[in-house]
Amino acid sequence: MHAKNCTIRCLCTTNRNKRASLPIIYQLILHFRQDFYIIRPFQPDPTPAAAPVQPANTPVDTLFVIISTALVLLMTPALALFYGGLVRAKNILNTMMMSLAAIGLVGVLWALAGYSLAFSTGGAFVGGMHHLALANIGFAVRDGTTIPHLLYFAYQGTFAVITAALISGAIVERMRFSAYLAFIALWSLIVYAPVAHWVWGGGWLGAMGVLDFAGGTVVHITAGTAAWVTAIMVGQRRDYGRQAFLPHNVPMMLTGAALLWFGWVGFNGGSALAVNSVAVQATVNTVLAPMATLATWILLEYRRTGRATAVGAGTAIVVGLVAITPACGFVSPRAALAIGAIAAFPSYFVILKRAATRLDDSLDVVGAHGVGGVVGALLTGVFASKAWGGADGLLHGAPSQLLKQLIGVGATIGWTAVATWGILVIISAVTTLRADARDEAAGLDVADHGEEGYTDGEGAILVLQTADPTANRAPVRRSA
Amino acid sequence: MKLVVAIIRPERLNAVLESLYNADVRGLTVSKVQGHGGEVEHVENYRGVTVKMDLQAKMRLEIGVSESFVQPTVDAIVHAARTGDVGDGKIFVLPVERVIRIRTGEEDTRAVTPEDRD
């Protein structure tokens, strides 16, 4: 391949000179695009934009989405910190690994099949097979955008990853890690990919006119609903309702909240896929709405207990971000303030009351992402306006938009709940979802990962390596 | 008077406290300790390093009680801390020479009897 590359370089010297004035990132892209066509000259990309080299590939947009991809990728480790701080010290590694493992597992499945099921041309309910295992995805511009198809694929992949990781908050401290891995693997293909197709990939909800700018329905309602079902199916932690489970590291949780907000600029602003006024609008709304939620949340806490809590503030930021996600590219900044403020109320009271119920949704994924997502999706139907890039919503004389949003919410909840339940039934037929009582009591870090998050190493005896590495494996205890 | 010293599993602490409360035992000291009592040590891996964790995290309770409370205290701890596996811990009952309540200067049995909270 290297030799061929050299010939091509010699042939197009004049062409290359012109490029010298281009930004370095774009030069790189052009360079690699060449490679792409050399390697695969007889596999034309079926997308219409794939014909030779498209001038529509705008370097500044490409750079913007490259940065946004990095930002959204950062959100999953940020979620690991957020969730990790909220659990007890003996489960921190297990909790953080649930997010980190999603990057590897869901990310690979996204490349192999998820992206194709979500974004290749297909039916109303699921995409086709044109992009299985990265087939026909190259440097050519993706239809309807000004960025390379490969980049669009990677950007969307970061969304699939964090959506699966979000669910873990509902089942921390008790679900077996291997069962969790099986669950998110199936879930990302059976639930996330189809719903992404419904809304963004040319499916029925998008065709109907449901507005979801950056994933309020696709990401947060699916994750919130799945969290509810998994929390029920996996069951409560053994001392739930008898013993308080306190966060072991609130500063870590707040660090996670800060990084989530930072990454969310790429999540929402980046969803414009171009450097334009929509990106500015989405970014500004992503800044404003959580501010309003945070301020409202603090007032609510003052009113109820007279003290504003840090865990509450971290939660409020996430609720505000979730609520503005579907709306950020369709509403005015004033509406974003209103959405942020309004969204604080339902989530605040749901999270407040949830602790007294039998639903051990341990880190309140339902309250933050489910309720916040539904409120955001519905308020999008209220505040959206043509002048700000959406369709007119209720306040702009089109109540039908609210109805469409309601259908989108209902269909997403329905499918997610049924499919999530089905996946868990299948997995529990093969293996058990729960860690056994002793592992749960001792903490899943040692039981599932053979590590501790916080240890000074006292009492640790170095084991000399033997020829058989399995000889030192922790004893497996899986009594019923 | 006796000093009851109990070494228990950390995860049983809440149950033990609850059980002691129900047995009307008030006033105790809890500390986090590490120890080893013959249970199977677990193995951890950090990159290429494999270690056996010989010392287990335990909770140590110290409770000064009058004679009539010794048996109820021991019963309450045993009942709540037992899981049946190696590593449940031990209870030591020690004789106590003198007890002084710092606030009032009361001594011995009076010092280990809780104030009536009415």
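This report describes parts of a predicted model with chains A and B, moving from chain B to its contact with chain A and then to a helix pair in chain A.

## Chain B

Chain B contains three helices and six strands, and along the sequence these elements follow the pattern β-α-β-β-β-β-α-β-α. The C-alpha trace of chain B spans about 60 × 25 × 25 Å along its principal axes. Its radius of gyration is 17 Å, whereas a compact globule of 118 residues would have a value near 13 Å.

Several strands of chain B pair with one another, and the table sets out these pairings together with one that reaches across to chain A.

| Strand | Partner strand | Bridges | Direction |
|---|---|---|---|
| β1(B), residues 2-8 | β5(B), residues 56-65 | Seven bridges | antiparallel |
| β2(B), residues 29-35 | β5(B) | Seven bridges | antiparallel |
| β3(B) | β4(B), residues 49-53 | Five bridges | antiparallel |
| β1(A) | β4(B) | Four bridges | antiparallel |

Strand β5(B) thus appears as a partner of β1(B) and also of β2(B). In the pairing with β1(B), Leu3(B) stands opposite Gly64(B) of β5(B), while in the pairing with β2(B) it is Val30(B) that stands opposite Leu61(B) of β5(B).

## A sheet shared by the two chains

Which strands make up the open sheet of three strands, and in what order do they lie? The order is β1(A)-β4(B)-β3(B), and the pairing is antiparallel, with one strand contributed by chain A and the others by chain B. The edge strands, each of which pairs on one side only, are β1 of chain A, covering residues 460-463, and β3 of chain B, covering residues 42-46. From one strand to the next, the twist averages 35°.

Individual residues show how the strands of this sheet are aligned. Tyr46(B) stands opposite Val49(B), which belongs to β4(B), and on the side of chain A the bridge partner of Leu462(A) is Val51(B), likewise in β4(B).

## The contact between chains A and B

Taken as a whole, the contact involves 18 residues of chain A and 16 residues of chain B. On the side of chain A that touches chain B, the elements giving two or more residues are α16, residues 437-442, and β1 of chain A. Of these, β1(A) gives the most, with four residues. By class, the residues on this side of chain A divide into nine nonpolar, five polar and four charged.

## A helix pair in chain A

Two packed helices are described by the angle between their axes and the distance between the axes. In chain A, the axes of helix α11, residues 277-305, and helix α12, residues 310-324, come within 8 Å and cross at roughly 140°. The two helices α11(A) and α12(A) are therefore oblique to each other, since an angle has to be over 145 degrees to count as roughly antiparallel. The crossing in which α11(A) passes α12(A) is right-handed.

Where the helices meet, α11(A) brings residues including Asn285(A), Ala289(A), Pro290(A), Leu294(A), Trp297(A), Ile298(A) and Glu301(A), and these belong to a set that meets residues of α12(A), among them Gly312(A), Ala316(A), Ile317(A), Val319(A), Leu321(A) and Ile324(A). Sorted by class, the contact of α11(A) with α12(A) has 13 nonpolar, five polar and one charged residues.

How values were computed: Residues are numbered from 1 along each chain as its sequence is written. Chains are lettered from A and ligands numbered from 1 in the order in which they are written. This is a predicted model: local features need pLDDT of at least 70, side-chain atom pairs count only at pLDDT 80 or more; totals for chains, interfaces and linings use all residues. Axes are lines fitted to C-alpha atoms, for helices over the stretch in contact, and angles run from 0 to 180 degrees between N-to-C directions. Angles under 35 degrees count as roughly parallel, over 145 as roughly antiparallel, 65 to 115 as roughly perpendicular and the rest as oblique. A crossing is left-handed if the near helix is turned anticlockwise from the far one by less than a right angle, and right-handed if clockwise. Two residues are in contact if their C-beta atoms, placed from the backbone, lie within 7 Å. Ala, Val, Leu, Ile, Met, Phe, Trp, Tyr, Cys and Pro count as nonpolar, Asp, Glu, Lys and Arg as charged, and the others, Gly among them, as polar. Two strands pair if DSSP finds at least two bridges between them. The radius of gyration is taken over C-alpha atoms; the globule rule is 2.2 Å times the number of residues to the power 0.38.
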